[in-house]
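Q: I would like to go through a protein model with you, one topic at a time. Could we start once it is on the screen?

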Amino acid sequence: MFATQEVDASWKAQTEEQLRDRFAKMKHAPTEVDCKTSLCRLTIAGSEADVAASVDELQGLRDQAQSLLLSTPVKDGDRVKVTAYLTFER
């Protein structure tokens, strides 16, 4: 669904900036953010403990996002990567 969604450049820029402001206050912030029209994809990577802490911190975005969906964790040695998808009602 994310791959096929059109980009709303104005909403994308504004939402990514707002999310990065929120991430600045997080101890284990996502490493990447990419928004389209009503969906944002966040990349979370690090140790299992760091990723778990980041996912816990992302729960704080529930006041902004309509839903939060997490991918299955992908392990690469001692590192883990999870993709989170946030849906926003517009």
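The conversation below covers a helix, a buried lysine, aromatic pairs, a glycine and salt bridges.

Q: Before we start, what kind of model is this?
A: This is a predicted model.

Q: Let us take helix H2. Which of its residues are buried?
A: Helix H2 covers residues 48–58, and Val51, Ser54, Val55 and Leu58 are buried in it.

Q: Where do those buried residues of H2 lie when one looks down the axis?
A: The buried residues of H2 fall within an arc of 100 degrees, so they line one face of the helix.

Q: Why can residues some places apart in a helix point the same way?
A: An α-helix has 3.6 residues a turn, so residues three or four places apart point the same way.

Q: And which exposed residues are on the face of H2 turned away from the buried side?
A: That face carries Ala49 and Asp56, which are exposed.

Q: What covers the buried residues of H2?
A: The cover includes helix H1 (9–23) and three strands: E2 (39–46), E3 (67–70) and E5 (79–87).

Q: New topic: Lys36. Where is it in the chain?
A: Lys36 sits in the loop between strand E1 (32–35) and strand E2.

Q: Is Lys36 buried or exposed?
A: Lys36 is buried, yet it has no salt bridge. The nearest side chain of opposite charge belongs to Asp34, 5.6 Å away. A salt bridge would require the nitrogen and the carboxyl oxygen to be within 4 Å.

Q: Then what does the side chain of Lys36 reach?
A: The side chain of Lys36 reaches the backbone oxygen of Phe2 at 3.2 Å.

Q: Which residues does Lys36 touch, not counting those up to four places away in sequence?
A: Lys36 touches Phe2, Ala3, Gln5, Glu6, Val7, Asp8, Trp11 and Lys12.

Q: Phe2 has come up twice now, so let us turn to aromatic rings. How many aromatic pairs does the structure hold?
A: The structure holds two aromatic pairs. One of them is formed by Phe2 and Tyr85 and is tilted, at 6.0 Å centre to centre and with 55 degrees between the planes.

Q: Which parts of the chain does that pair tie together?
A: Phe2 lies in the segment before H1 and Tyr85 in strand E5, so the pair ties together parts that are 83 residues apart in sequence. Phe2 counts as buried because its relative accessibility is 8%, whereas Tyr85, at 27%, counts as partly exposed.

Q: What about the pair of Trp11 and Phe88?
A: Trp11 and Phe88 form an edge-to-face pair, with 5.6 Å centre to centre and 70 degrees between the planes. This pair links distant parts of the chain, since Trp11 is in helix H1 and Phe88 in the segment after E5, 77 residues apart. Trp11 is buried, with a relative accessible area of 11%, and Phe88 is buried as well, with 10%.

Q: Let us look at Gly46. Where is it?
A: Gly46 lies in strand E2. Gly46 is buried, with a relative accessible area of 3%.

Q: Which residues is Gly46 in contact with, leaving aside neighbours within four places in sequence?
A: Gly46 is in contact with Val51, Asp78, Arg79 and Val80.

Q: Finally, salt bridges. How many are there?
A: The count comes to seven salt bridges. Among them is the one between Lys12 and Asp34, at 2.5 Å from N to O. Lys12 lies in helix H1 and Asp34 in strand E1, so this pair ties together parts that are 22 residues apart in sequence.

Q: And how exposed are Lys12 and Asp34?
A: Lys12 is partly exposed, with a relative accessible area of 22%. Asp34 also counts as partly exposed, at 21% relative accessibility.

Q: Which residues are linked with Lys12 in a network of salt bridges?
A: The network links Lys12 with Glu16, Arg20, Asp34 and Arg41. Within it, the side chains of Arg41 and Asp34 meet at 3.4 Å, N to O.

Q: Back to H2: what does Glu48 form with Lys75?
A: Glu48 forms a salt bridge with Lys75, with the closest N and O atoms 2.8 Å apart. Glu48 lies in helix H2 and Lys75 in strand E4 (residues 74–76), so the pair ties together parts that are 27 residues apart in sequence. Glu48 counts as partly exposed at 49% relative accessibility, while Lys75, at 55%, counts as exposed.

Technical notes. Residues numbered from 1 in each chain as written. Predicted model: local features only at pLDDT ≥ 70, side-chain atom pairs only at ≥ 80, totals over all residues. Heavy atoms only, no water. Buried < 20%, exposed > 50% of the residue type's maximum accessible area, 1.4 Å probe, protein only. Helix = DSSP H or I, 4+ residues; strand = E, 2+ residues; numbered from the N terminus. Arc of directions from axis to C-beta. Contact = heavy atoms within 4.5 Å. Lys, Arg positive; Asp, Glu negative; His and termini not counted. Polar contact = N/O pair within 3.5 Å; in protein donor to acceptor, adjacent residues only side chain to side chain. Phe/Tyr/Trp six-rings, centres within 6.5 Å; stacked < 30°, edge-to-face > 60°.
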